[in-house]
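Trainee: I am new to this structure and would be grateful for a close look at one part of it. Please choose a helix, explain how it sits in its surroundings, and then widen the view from there.

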Amino acid sequence: MINSRLTTRLTTRRNALANILFGTSGLGLRALATGLPTAFLARPLTAQAEELMCTADKARAQFLILSTSGAGDPFNANAPGMYGLTGPAHAASPVMQKTELSLGPVRTSAAKVFSTLPQWALDRATFIHHSTLTNNHADHDKVLRLMGAASRGEMVPSLCAKALYTCLGTVQPEPVSIGAGNNFSYEGRALPDLKPRALKDLLATDDSVLTKLESLRDKSVDEMSALLKTRGTMAQQRHMDSLVTSRRQARSLSDDLLQLLASIDSDGPSGQVTAALALIRMKVSPVMYVRFSFGGDNHEDPDLGKEVASHVDSLGHIATLLEALKTSGLQDQVTFGVQNVFGRTLAKKGVRGRDHYGAHQVTMLIGNNVRPGVVGGLVPNKLGTDFIAGAFDATTGALSDAGDVAPDASLGAVGKTMGSALGVNGAYLDEKINRGAIIKAALKS
Amino acid sequence: MKKFQSSRLFALASVLAIATGCEGRIAESESGDGANPATPPPPGDKDPTDKPDVVKPPPPPPFTAQPPEAYLPKLKDLLTGLPITSAELDRVKADPAALRDLLETWRGLPAYRAKLQQWLGQAFQQVQVDRDEFADQLGFDPSNVFGNDNRARIEKLITETFARTAMALIDEGRPFTETVTTNRFMLNPPMMALLAFLDARPLDDKRKKTQNAWFSQKYPNFQMIATRAGIKGAPPPAVAADAYTEGNAAFMKFKFVPGSDRLPCSDTPYVSTGGRGLEEAFATLFGHTTFCAGLMQPVFTEEDWNQFRMVTIRPPAEGENPDVFWNVNKFRRTAELVVGTPRVGFMTTLAFFANWATNDSNVFRVTANQTLITALGLSFQPEGPGIPIDDSNLEGEHAAKGTVCYGCHVTLDPMRDFFRHDYTLYYAKRFDQLDPTKNIPATGTFSADDSMPIQGQGITALAQALAQHPRFAFAWALKLCQYANAGVCEPDDPELLRVATVFKASGHNFSTLVRELFSSPITTFAARTLTGEKHDAIVALARREIFCDRLGVRLGLTDVCNLEGKKSIGPNLSTLALGLPDAGYARGEVTAVMPREPNMFFVAAVEAICTKLSVDIVAGGRNTLWADTETERAINDFADKLMGLPDNDSLRPGIIDVLKRHHQAALETGASARDALRSTFIVACQSPLSLSLGL
């Protein structure tokens with residue numbers, strides 16, 4: 001039982017937790033939560049040195065929770081900026097009706113369901129209309145790599161995580177996928193998918209007899225360590241000490257964190273929300289991937305019913321997450337984003353469904369460094385059969401044929417802007433991303 | 001090329017260059033933890049009693065030689081996952097030289113082969129396959145063509161192919177250098193069909209699907225016709241006997257039942273031509289068509305999937321056509337596969353290519369660098385221009401003279417040309433190397449670490465150059481040493497050089513390398529070596545594969561952590577096991593990633609695994625190995641198997657006593673006999689001996 005175990009703890013758990021997060025045993029704490037190879041531990045100095053640099057403005061440094069999917073959800077179809085045109089199809093459901101919305105001082109319109117996000121969050125939300133240059137599911141990883149614009153084929157969230165993790169003092173630089181799939185990489189290594197329930201299994205406890213015998217086992221293991229130390233070298237003794245320290249750290253998680261972990265009951269969005277919150281509170285990584293559906297691969301979606309239901313569910317989960325962050329006092333330190341492999345057609349099939357569409361996508365960012373508003377917008381395609389993302393002005397965000405962000409550079413611009421919204425230095429972003437400009441219109445000055 | 005001076009200099013250089021986003025010249029691997037070398041004391045620390053004109057050699061750093069009780073379990077565990085026996089410990093205690101005989105014995109155990117195959121997959125960078133990059137290389141969505149079950153099978157197959165190949169070369173006693181030059185691979189019929197298919201339907205630099213010229217000539221107007229023959233849920237029809245017989249009326253005509261009702265499905269036959277037609281024909285071998293997610297009986301049988309043999313892959317002779325991918329009957333018996341796409345060494349496998357995808361900006365630089373890292377333990381690093389053998393191969397936009405990047409590209413670009421000669425950016429056969437718009441130099445150039453520059457054309461020339469490189473033996477001795485020592489081996493250690501010399505002198509016999517290295521004090525720490533002096537006896541956490549293998553092999557449970565989906569026990573431990581850090585490799589990194597330090601997630605994951613396992617295999621679980629009445633036998637087994645303590649280990653009585661007292665104390669808390677024994681199992685399972693390597 002959680003509480004009975006906690007009562008046996010030795011000293012101040014919060015201090016112990018702080019030690020876990022910020023490190024009293026050096027490299028041991030810089031290992032993984034997720035089963036990734038602990039590159040940091042074993043890597044030669046070459047890679048460590050880059051990672052050790054804080055290449056962000058510490059005062060502005062943000063954690064990122066990014067909802068991203070290779071399904072190519074129709075997130076682009078009903079977001080702010082999509083209701084000013086005649087042509088794009090929207091479901092007849094009341095939750096998809098055009099609704100006036102305030103994004104800070106900016107008045108716009110969107111599907112009504114977007115108004116379920118907390119107003120304080122909408123007041124720090126930007127919706128960037130752009131192209132991802134692909135309509136292929138399998139290019140999800142490439143979109144995260146900005147279709148070749150990111151240095152060394154690194155994914156943008158990984159580039160940002162590398163720049164941020166020293167600034168934020170996280171356990172590891174590698175992003176964590178929390179049930180978002182295993183489509184992510186860091187320095188060429190595939191990242192495993194940490195299911196929320198696995199996190200719960202890992203750290204939360206129950207009230208079984210075996211759990212109640214935990215302290216007795218700890219004592220026995222300590223006795224064994226003492227015996228083994230009698231013939232151990234210094235290095236072996238240090239190793240056994242670090243095992244003991246690690247075990248004590250695991251025993252020292254705070255009450256409310258354990259209860260939070262214990263409340264995880266699914267690997268779906270609700271579990272992902274809880275796990276993301278827990279991992280950020282534990283400062284495990286600067287970047288967490290989650291996956292919220294907004295209708296998925298809805299080629300055949302009569303009356304766009306799946307699209308409607310998924311929007312309601314997922315925006316509800318996002319609202320829950322944002323409010324939980326606020327309750328934890330983390331709303332100014334965490335940026336939430338949505339970005340998918342591609343958007344979906346807007347007008348082509350009406351409300352029968354939507355096909356893949358590389359010509360329009362909406363990336364949403366909600367964060368303390370974000371200037372609220374809508375960036376870019378739509379123009380008719382050449383055939384007049386649908387709409388595509390148009391060029392826009394990076395400074396004003398206004399749609400403009402003469403804009404300095406052309407559609408084919410917009411994905412790179414979004415990557416840089418995401419980094420800048422997380423507090424990453426502009427010079428670092430310019431060095432790592434060779435296409436597009438930072439969209440100042442999406443950032444607080 | 002300038003000779004490498006010290007690992008730390010290179011580390012510093014790379015720090016500088018990473019800031020520029022570029023790599024530069026070739027660097028050697030470093031010791032795993034980047035420890036500082038012993039530095040002389042500052043003048044103020046000098047012993048005042050020293051005579052001013054007599055320089056005393058500094059005293060050797062403290063070093064504790066390891067007893068057989070410490071190193072023997074480590075070595076056997078690394079090589080087989082098994083615990084040592086009393087007899088083995090007695091033998092080595094009586095005569096440490098007996099270790100070499102034991103190594104020979106262990107090499108004959110099946111568990112050794114499993115371990116070796118696992119390591120070879122890692123060492124040749126074949127396992128961390130990016131699914132999407134693999135799909136890119138194929139040119140289709142593997143789930144559609146293979147089906148989801150076969151997709152997983154194919155992905156596993158490609159990650160294992162080269163390890164199987166290297167194992168076979170070792171078994172044959174071939175020089176280990178042939179892992180770089182071999183055109184013989186361990187293949188099964190589905191893999192042969194896949195390679196033949198990729199050869200028939202290559203992807204060009206823009207990923208456009210084309211038909212190989214020979215194929216178009218032999219099968220003009222090729223088309224595949226698929227006709228619906230039932231509704232979803234009906235038994236999939238068998239493929240007609242003559243569907244793959246050229247000239248027959250049934251040639252390339254198939255029947256299917258829809259596999260999904262999500263997609264509209266027509267009764268009109270589906271006709272597919274061009275590159276897509278080949279894909280559809282290929283999919284039928286696996287019982288699929290992408291039309292209506294259709295299903296039919298697969299051509300490949302279970303026996304086909306399990307039938308591996310060494311197959312020589314060679315180009316067609318003059319006037320000869322390559323093997324067509326549907327010739328399954330040939331693949332079931334042949335020892336030769338005729339395809340135009342060169343397959344030479346570890347660096348041309350589907351898995352290696354899927355690990356290291358290139359693009360029109362990178363143009364094989366990553367492929368060349370990872371090849372260099374894998375074969376020779378060298379990587380391109382910044383600083384200095386290296387040897388500008390011929391800078392006409394450089395791409396100006398990436399390597400303007402005077403920039404830091406120049407130093408990298410002047411050496412790396414000529415090497416990547418070997419790949420450009422033979423492959424498109426999607427690793428298919430290249431046909432346009434002579435197209436002047438492609439700007440591909442006629443020859444590539446390879447030189448590394450002061451070696452004589454070698455010029456040539458194509459991947460075979462590069463393979464030969466790598467295999468002949470003087471560093472090959474040292475590189476592999478170092479790799480194996482780093483495996484044994486969780487990443488820590490001093491490259492300058494004379495003992496390592498000795499092992500490498502013996503390996504080379506044996507004609508690069510891998511078994512000799514294993515024997516020399518694992519009987520060497522550089523891994524046993526039974527005597528002083530430079531590595532031991534600098535790092536003490538290496539001790540590390542039992543990383544994922546070690547921990548899971550131990551549990552499986554020692555308890556007789558198949559895939560105990562369910563990492564391969566073959567679990568033989570009740571609880572699915574895979575999600576927890578994925579919480580354990582594992583060995584791996586990273587882009588641009590010369591040294592394998594070898595986690596050593598435990599942390600709370602590791603400890604928590606192990607505890608959770610042990611707890612779930614105890615419920616399943618101890619005292620009344622579904623796969624009970626010990627009844628709650630068998631306390632004595634169980635505790636002895638825990639010590640023997642889980643903790644690897646033989647009867648004659650001096651610590652065993654004390655450890656047994658701890659376990660027994662734990663069992664008794666648990667009973668005294670009111671726990672049942674079942675729970676007391678389970679808790680005792682967990683103690684053993686999470687003891688330092690079970691969680692560590694090298695205690």
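Mentor: Helix H28 of chain B is largely enclosed by the rest of the structure, because eleven of its 13 residues are buried. The model is a predicted one. H28(B) covers residues 673–685. From its first C-alpha to its last, the helix reaches 18 Å, close to the 18 Å expected at 1.5 Å a residue. The buried residues of H28(B) begin with Asp675(B), Ala676(B), Leu677(B) and Arg678(B). They continue with Ser679(B), Thr680(B), Phe681(B) and Ile682(B), and end with Val683(B), Ala684(B) and Cys685(B). An α-helix has 3.6 residues a turn, so residues three or four places apart point the same way.

Helix H23 of chain B, residues 544–555, may be read in a similar manner. Its twelve residues should span 16 Å at 1.5 Å a residue, and its end C-alpha atoms are 16 Å apart, which agrees. Ten of the twelve residues are buried, so H23(B) is also largely enclosed by the rest of the structure. Among the buried residues of H23(B) are Arg544(B), Glu545(B), Arg550(B) and Arg554(B). Ile546(B), Phe547(B), Cys548(B), Leu551(B), Gly552(B) and Leu555(B) are buried as well. After H23(B) comes Gly556(B), whose phi is positive, near 70°.

A single buried residue can be examined in helix H20 of chain B, residues 510–518, where Val514(B) has its place. Val514(B) has a relative accessible area of 2%, under the 20% limit, and is therefore buried. With neighbours within four places in sequence left aside, Val514(B) is in contact with Leu79(B), Leu103(B), Arg107(B), Tyr112(B) and Leu480(B). By contrast, 35 Å separates the C-alpha atom of Val514(B) from that of Ala634(B), 120 residues away along the chain.

Tyr270(B) offers a second example, this time in strand E5 of chain B, residues 270–273. With a relative accessible area of 19%, Tyr270(B) is buried, since the limit is under 20%. Its C-alpha atom is separated by 5.1 Å from that of Ala226(B), 44 residues apart along the chain. Once neighbours within four places in sequence are set aside, Tyr270(B) is in contact with Met224(B), Ile225(B) and Ala226(B), and also with Phe256(B), Pro264(B), Cys265(B), Phe291(B) and Cys292(B).

The packing of helix pairs in chain B comes next. Helix H2 of chain B (residues 68–80) and helix H3 of chain B (residues 86–94) have axes that come within 10 Å and cross at roughly 125°. That angle makes H2(B) oblique to H3(B). The crossing of the two helices H2(B) and H3(B) is right-handed. H2(B) contributes Pro68(B), Glu69(B), Tyr71(B), Leu72(B) and Lys76(B) to the contact, while H3(B) contributes Glu88(B), Leu89(B), Val92(B) and Lys93(B). By class, the contact of H2(B) with H3(B) holds five nonpolar, no polar and four charged residues.

Helix H5 of chain B (residues 110–123) packs against helix H7 of chain B (residues 142–171) at an angle of about 120°, with the axes 8 Å apart. H5(B) is therefore oblique to H7(B). This crossing, of H5(B) past H7(B), is right-handed. From H5(B), the contact draws on Arg113(B), Leu116(B), Gln117(B), Leu120(B) and Gly121(B). From H7(B), it draws on Glu160(B), Ala163(B), Arg164(B), Ala166(B), Met167(B), Ile170(B) and Asp171(B). The residues in the contact of H5(B) with H7(B) divide into six nonpolar, two polar and four charged.

Chain A completes the view. It has 16 helices and 15 strands, and buried residues make up 63% of its 445 residues. Of the contacts in chain A with a separation of 6 or more, 72% are between residues 24 or more positions apart. In the loop between helix H6 (140–144) and helix H7 (156–168) of chain A lies Met147(A). Its phi is near 50°, a positive value in a residue other than glycine. Met147(A) is partly exposed, with a relative accessible area of 24%. Arg152(A) is found in the loop between H6 and H7 of chain A. The phi of Arg152(A) is positive, near 55°, and this residue too is other than glycine. Arg152(A) has a relative accessible area of 38% and is partly exposed.

Definitions and conventions: Residues numbered from 1 in each chain as written. Chains lettered and ligands numbered in written order. Predicted model: local features only at pLDDT ≥ 70, side-chain atom pairs only at ≥ 80, totals over all residues. Heavy atoms only, no water. Axes fitted to C-alpha atoms, helices over the stretch in contact; angles between N-to-C directions. Helix = DSSP H or I, 4+ residues; strand = E, 2+ residues; numbered from the N terminus. Parallel < 35°, antiparallel > 145°, perpendicular 65-115°, else oblique. Left-handed = near helix turned anticlockwise from the far one by under 90°. Contact = heavy atoms within 4.5 Å. Nonpolar A, V, L, I, M, F, W, Y, C, P; charged D, E, K, R; others polar. Expected span 1.5 Å × (residues − 1). Buried < 20%, exposed > 50% of the residue type's maximum accessible area, 1.4 Å probe, protein only.
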